[in-house]
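Here are my notes on the model you sent over. I have kept them as short numbered points, so you can follow along with the structure open.

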Amino acid sequence: MFLPRSLKVKRAEDSEGRAAKRSRAGSGAGAQAEAERAEAERAQAQAEAERAQAEAERAQAEAERAQEAQAEPEEPVKQRSAEQRWPEPGEPACSVCGRYGEYICEQTDTDVCSLQCKARHLEPPPAEPPAEPRAYLEHPFISGLSAQQVEALQQQLGIAVRGPACRPVLEFEHCAFPDTLTANLARLGYRSPTPVQMQMLPQGLAGKDILAAADTGSGKTAAFLLPLTMAALRENEKVSPHQPIGLVLTPTRELAIQIEGQAKELMMGLPNMRTALLVGGMPLPPQLHRLKQSIKVIIATPGRLLEILKQEAVSLCGVLTVVVDEVDTMLKMGFQQQVLDILEKVPEEHQTILVSATIPAGIEQLATQFLQDPVRITVGKMNQPCSNVRPIILWVEEPSKKKKLFEILNDSKLFHPPVLVFVDCRLGADLLSNAVHKITGLKTVAIHSDKAQCERNQIVQGLLQGDYEVVVSTGVLGRGLDLVNVKLVVNFDMPPTMDEYVHQVGRAGRLGHRGTAITFVNNSSSRHFLELVKRVKPTGTLLPPQLLNSPYLNEQQRREQMRNKQRVQQDTVNGKNLMDIIRKHDRSVLQKR
Ligand SMILES: Nc1ncnc2c1ncn2[C@@H]1O[C@H](COP(=O)(O)OP(=O)(O)OP(=O)(O)O)[C@@H](O)[C@H]1O
Ligand SMILES: [Mg+2]
């Protein structure tokens, strides 16, 4: 796939070269001089037998290539960027304009889409020297704020920080990004940083370890990609060009594809900032080939990265920053061992950034084992549904769920396509999708992990482009995906955990957009009742009386009260537990020694 792309650019130039040679041969005097020079060269070639041999070999290779070119006629090389299409997920993108990188510029081994972009890519750098990427220096405006002002600001923005934190920035200008990066931010419509970016950017730029929890759709991706980009820029000259500097791990292939897309947008036009997408379900050889092109940032799902590491097709020993997105799910059983195996391959001295919208206490404890003097950042109300989304909880018995869904899809007030319906199993997704299409006639599709990756990619693209009115999905679309046009999510089946509920609901209200999330509950999800009430009640949503009066909920509340009481008793010093407390203290002192 890559060789022909390389040839195409070369062929265009070869034919120009040949045309130039032909026109020079037309003039008599020029031809004589050419002949004399050739004679002299031949004499020299005889003296230097080795060089002559090499030249002959090269000439033969060129002749073979020319013959090959004649044998298989190819479509003409695209002249202008506008003639080129946009890349499909996983395809290379032009380093200049971001369109499909159909060709490789042979001088720099960089992806380009057309001769126009090749020429722009080879243009000498602008007279004005590019801003020197450097370690984070606090902007004088930020340094000029008093400690109280900073605290008030953080409070207003809902930012809570623990650990050796930098002050938040207020504008992207406070980060001293190079001009190209600033222009890329403007092109993406990022006028000012979101609260999580305000607090994460300075820590990230200063190379600190971060554990950050912020609402779904609050801009966490750019909050880790920008420091990663700056770290890669800074190290451009230092590390061997074949060693990646940044690594981003995600739980799903769709999320990795999306993050790579965003990374490319942010890095467009920056020197030597190539990314590699390493995800399962897509052919391995192009991914291996891509890794040979001085990759700076790898975005991967753990399984495929480990497969590639086993083949020693890439080394992580130059990695300076590791990001684990959706860290709570990445550190659960299933992924945990894979993540640990990958981290073992990364040098000890590296920056770690862990992010998610939900970080339960147990995972936070585990996560801190990977971090050194971390800054813990929380923005908004941790583990709660994003405030852009209106949560609706409906009590619907199992046999009535389909009917209720059809009612919703028929309700003009609620139905804003595309609607994303979450179910708990693959077969259920296919069956429900067929049923919705049959009954409502709406354009419906199911997506789940049994489908081929190329089909999954097409469905996500179709969903983003508004090709479907209803998409029925298992958890594959539940986390991280920026489905900006989805305004209504229906949790047909209650998600497996309340954290998953927060993520699924979050697909309906991305930054600056409002949406609705309807969740069907009944006694089959009784184990979630207490958590559901705790997380949804604070949003002001009316909860169904069947839920509020449920004996399951009453029992869960009673048990929680008991646990709290016991905890208070354990914390209070009395005659009974005094000795236990002293022993516990002694043990901890001994352990510290
Ligand atoms: N500073 C900004 N200004 C405007 N839009 C932004 C800014 N930062 C990010 N966005 C946009 O906000 C949307 C949500 O961002 P992102 O996907 O990073 O959210 P997230 O916090 O990772 O959410 P999730 O928890 O669901 O993964 C995206 O469309 C992104 O392009
Ligand atoms: Mg995200």
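Which residue stands opposite A213 in strand 9? The partner is S356. Keep in mind throughout that this is a predicted model.

1. **Overall make-up.** The protein chain has 593 residues, and 40% of them count as buried. Its secondary structure comes to 23 helices and 16 strands. Taking contacts with a separation of 6 or more, 72% are between residues 24 or more positions apart.

2. **The eight-stranded sheet.** I'd start with this one. Eight strands make an open sheet with mixed pairing, and the order reads 3-10-4-9-8-5-7-6. The edges are taken by strand 3 (159–162) and strand 6 (274–278); each has a single partner strand, so one side of each has no neighbour in the sheet. On average, neighbouring strands here are turned by 15° against each other, direction ignored.

3. **Strand 9 and its partners.** Strand 9 covers residues 351–356, and six of its six residues are buried, so the rest of the structure largely encloses it. Q351, I353 and V355 point one way, while T352, L354 and S356 point the other, and all are buried. Strand 4 (residues 210–214) runs parallel to strand 9 and is joined to it by four bridges; the A213 and S356 pair from the opening question belongs here. Strand 8 (residues 321–325) also runs parallel to strand 9, with five bridges between them. In that pairing, D325 stands opposite V355 of strand 9.

4. **A closer look at L354.** Is L354 buried or exposed? It counts as buried, because it has 29 C-beta neighbours inside 10 Å, where 20 or more is the cut-off. The residue sits in strand 9. Leaving aside neighbours within four places in sequence, L354 is in contact with I210, L211, V324, V327 and A367. If you want a distance to check, the C-alpha atoms of L354 and L371 are separated by 9.0 Å, with the two residues 17 apart along the chain.

5. **Strand 5, between strands 8 and 7.** The order of the sheet puts strand 5 between these two. Strand 5 (residues 246–249) runs parallel to strand 7 (residues 295–300), and four bridges join them. Within this pairing, G246 stands opposite V297 and V248 stands opposite I299. Four bridges also join strand 5 to strand 8, again running parallel, and there L249 stands opposite V324. As for the side directions, G246 and V248 point one way from strand 5 and L247 and L249 the other way, and all are buried. V324 is worth marking in your viewer: it stands opposite L249, and it is also among the contacts of L354.

6. **The second sheet.** How many strands form the open sheet with the order 11-16-15-12-14-13? Six strands form it, and the pairing is parallel. Strand 11 (389–395) and strand 13 (444–447) are the edge strands, each pairing on one side only. Neighbouring strands in this sheet are turned by 20° against each other on average, direction ignored. As one example of the pairing, strand 12 (residues 419–422) and strand 15 (residues 488–491) pair in the parallel sense over four bridges. The bridge partner of V421 in strand 15 is V490.

7. **Helix 16 across the second sheet.** Helix 16 (residues 401–410) lies across strand 11, strand 12, strand 14 (470–473), strand 15 and strand 16 (515–521). With respect to strand 16, helix 16 runs at about 160°.

8. **Around ligand 1.** The shell around ligand 1 holds 20 residues, and the closest are T216, G219, K220, T221 and L511. Which helix gives the largest share of that shell? Helix 9 (residues 220–235) does, with three residues. By type, the shell divides into seven nonpolar, 10 polar and three charged residues. Both domain 2 (140–379) and domain 3 (389–549) contribute, with at least three residues from each. When you go through the ligand site, then, please look at both of these domains.

Technical notes. Residues numbered from 1 in each chain as written. Chains lettered and ligands numbered in written order. Predicted model: local features only at pLDDT ≥ 70, side-chain atom pairs only at ≥ 80, totals over all residues. Near = placed C-beta within 6 Å. Nonpolar A, V, L, I, M, F, W, Y, C, P; charged D, E, K, R; others polar. Domains from an automatic or database assignment. Pairing = 2+ DSSP bridges. Axes fitted to C-alpha atoms, helices over the stretch in contact; angles between N-to-C directions. Buried ≥ 20, exposed ≤ 12 C-beta atoms within 10 Å, placed from the backbone. Contact = placed C-beta atoms within 7 Å.
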